[in-house]
Every structure is written in structure tokens, then in C-alpha cells.
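Reader: I am new to this model and would be grateful for a close look at one part of it. Please begin with a single element, and then show how other parts of the chain are packed.

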Amino acid sequence: MPKFPFANPSRRGFLGGAAFGIGALAGFDFSQPAHAATGRVTDTVRLTWGLSGLNLIAKERGEFEKLLAKDGIKVEWLGPFPNHAPTLQAVTGGSADFSFGGSTTPALAAIIAGSPLVFTQFVVYEPRTTAIIARDDSGINKVEDLVGKSVAVNRSGLGEFLLVAALEKHKVDLTKVKFVYLNPPDAAPALASGKVDAWSMWSPGVDIARLDYKAHDIFLEGRDLDFQIDYTSYLTTRKFATENPALVRAVNDAFRAEGKWISENGKDAEYIAQKAGKYSDQVRDQFIALNRKYRYFPVNDEKFLSELQKAADWLVARKVLPEPVKVTDHLAQL
């Protein structure tokens, strides 16, 4: 297996980056009296959110907090975060309790780097719309046209793995394409200004960029990827899950309830997301037409875990992840 041009995240590098987040990383506060009967040592849960996705809708709609309040649990929202990796760093550093429901790939990268994280549940939403896009005037119309070009991706995340899969499927040598590691807020202007030739990105960023910068799909996950390599996931620290199993279960239940509501009320959900995301009616209507559905999988679902392990092994073999990881060693015991 040839070596691919990815920088391997180090244990020191990731944990050092855990200072990124919201507020001082003062560690967990367990000064409150333990609730032995309810399986938790805190009555407050600190959740992260971004400018898209289920957590945004849960925060804006307010029903999520009402549901947890019935169990005497108060919600604090921290954000917005640009993507999953910084929320993982916030959880590792102690300024948040849960990551915001993002890619399993940076989650596994963080675990490999030494973060004491465990998965609490998994989500699959369909259809999948992550895509590699290029501007209409770029001369890039197919994956093979990326040879000698630069592509913006988020390190060890959906953007990077999708580009790897696309190049492999079309038998393009990875060393012939320049991977430019940028988070979404920096990648969008880089594409607009021509500093990068293409961008591998998820919704809604890819949809906004496709419209605003007159771009088109080179490779679309739901259409062109032969198998799913990356999933949506929530994580907390092993310590938090061990000391608060009832609280983690309650949060899981609340997220599942929110996913059910979104699946059944797609139009209303997209109007909520648009208001916070501040994108056009045209993009919003495209999302409404997708009619997304959310499916949740608990951490004891053996079939799902088998698929996730296959995905992790695929990423390791291609050096997107720096070393093997056993998924079942990193699950919350609920």
C-alpha cells in the first residue's frame, strides 16, 4: 500500500489543540451533590451546536430543552462551532459535555490521538449530499480533471475521506492532487477567490457555494460513493458517561425525539435552519425537496458497529486515520 500525503495527527497535537472552544476549559465541576438514584452527578448538560444540522434545529425549536427539563436536566448551548473537530476538543478540554453530532472520522482521529472520548449514539441521515465541487469556469468537470489541482478539505473529516474515495474510484494517484486543509469558514472564500480549485464539503456549505460561486458537482456522496465510510455521531468523555449514565440516556432520547420530529416535519425544520444559517430561499427549497430522514443507532447495535469498524479500517488503510482503532473499545456503557 503506497503512502498517501496526509499528516498524521499526534497525541500531543490534538490534546494541545483542546484549548480551542468556548469559555475557559476549567474541567468538569462535580461539586454538586451526587444523584445516585438517578445515575447522574450533575443536573446541567453543556451541548455544542453549529450553523446547520440537528443540534441547530434542536436549539432553535426549544422542545429539546423542555423534554430534558421533565427529568430535571438544564441545557446550556455552546457555539456556534464550524465543524465536528472543535467540539471534540471542547469536550476533551472540559468546556462542553457532548460533541455536536458530527463525522465519525475526526472522532476516531481524536480517540487515536489520545482523547478519552466514547460514542454515545450514532445517526444516519439520508439522502447524503456531501460533494466535491468546482466552479463552472474552472475547466474541472470530472474527477480525473483534479490531477495537478488543489482541493480544500477538512482534515480527517468528510471532506478528506470523500476526496480519497473519489480519487481511488477513478484510479487517480493521490499524490497528483494537492490536499489543502481548511475548515469551512476559510475554504469557502478560498474557492471563491480561486486560491483552491475545488472543495469537498457537506450541506449546507456545499449547496450555498454551488449557488453563490456558480459551481457544480464533480463527485456526489449519495450518487457516486459505493458504500458509506463516515457516519454521524455524538461523543462525551468516558468519565462523564460513567458518572452520568442516566443523563446520557436522557440526552440520547431527546436527540432521537428531535430527529423524529425533523423527519416528519421537513419543511418546518428547513425554515428554522435557514433563519439561523442565513442562506437563500433557493437553497432552502432544495433542502425541503430532499426530505431528509434521520435514523438512530444505539452503541450496542452490533450490525451498525460492524459497518463502522469496516469504515474505520478503510480509513486506516488509506492513512486518513494514522493507526488502527477498535470501535467497540470506545463506547459509552449505558
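Author: In helix α8, which spans residues 205-212, the residues G205, V206, D207 and A209 are buried. Buried means under 20% relative accessible area, exposed means over 50%, and partly exposed lies in between, with a 1.4 Å probe and protein chains only. Helices (H or I, at least four residues) and strands (E, at least two) are DSSP runs numbered from the N terminus. The model is a predicted one, in which local features need pLDDT of at least 70 and side-chain atom pairs count only at pLDDT 80 or more, while totals for chains, interfaces and linings use all residues. Residues are numbered from 1 along each chain as its sequence is written, and side-chain values use heavy atoms, with hydrogens and water left out.

The cover over the buried residues of α8 includes strands β5 (131-135), β8 (198-201) and β9 (215-220), together with helices α7 (184-193) and α13 (281-290). After α8 comes K214, which has a positive phi near 50°.

One of the covering strands, β9, contains F219. This residue is buried, with a relative accessible area of 1%. Setting aside residues up to four places away in sequence, F219 touches T130, A131, I132, V143, L162, A166, K169, H170, D224 and L225, where contact means heavy atoms within 4.5 Å. F219 and A165 are separated by 54 residues in sequence, yet their C-alpha atoms are 9.7 Å apart in space.

Helix packing may be taken next. Helix α4 (residues 84-93) packs against helix α5 (residues 104-112) at an angle of about 40°, and their axes are 9 Å apart. Because of that angle, α4 is oblique to α5. Axes are lines fitted to C-alpha atoms, for helices over the stretch in contact, and angles run from 0 to 180 degrees between N-to-C directions. Angles under 35 degrees count as roughly parallel, over 145 as roughly antiparallel, 65 to 115 as roughly perpendicular, and the rest as oblique. From α4, the residues H84, A85 and L88 meet P106, A107 and A110 of α5. This contact of α4 with α5 has 5 nonpolar residues, 1 polar and no charged ones; Ala, Val, Leu, Ile, Met, Phe, Trp, Tyr, Cys and Pro count as nonpolar, Asp, Glu, Lys and Arg as charged, and the others, Gly among them, as polar.

α5 itself is mostly covered, with 9 of its 9 residues buried. These are T104, T105, P106, A107, L108, A109, A110, I111 and I112. At the start of α5, a side-chain oxygen of S103 comes to within 3.1 Å of the backbone nitrogen of T105. Just after α5, G114 has a positive phi of about 115°.

Helix α12 (residues 266-277) holds E270, and two helices pack against α12. The first to consider is α2 (residues 54-61): α2 and α12 pack at an angle of about 90°, with axes 9 Å apart. It follows that α2 is roughly perpendicular to α12. L56, I57, E60 and R61 of α2 form the contact with A269, I272, A273 and A276 of α12. By class, the residues of this contact are 6 nonpolar, no polar and 2 charged.

With α11 (residues 245-264), the axes come within 5 Å of α12 and cross at roughly 105°. That makes α11 roughly perpendicular to α12. On the α11 side the contact is made by W261, I262 and E264, and on the α12 side by G266, D268, A269 and I272. Here the residues divide into 4 nonpolar, 1 polar and 2 charged.

Within α12, E270 is buried, with a relative accessible area of 11%. Leaving aside neighbours within four places in sequence, E270 is in contact with Y279, R284, F287, I288 and R292.

Finally, W77 lies in strand β2 (residues 74-81) and is buried at a relative accessible area of 17%. Not counting residues up to four places away in sequence, W77 touches L47, T48, W49, N55, A58, K59, F64 and E65. The side chains of W77 and E65 are joined by a polar contact of 2.9 Å. A polar contact is a pair of N or O atoms within 3.5 Å; within protein, one must be able to donate a hydrogen and the other to accept it, and residues adjacent in sequence count only if both atoms are side-chain atoms.
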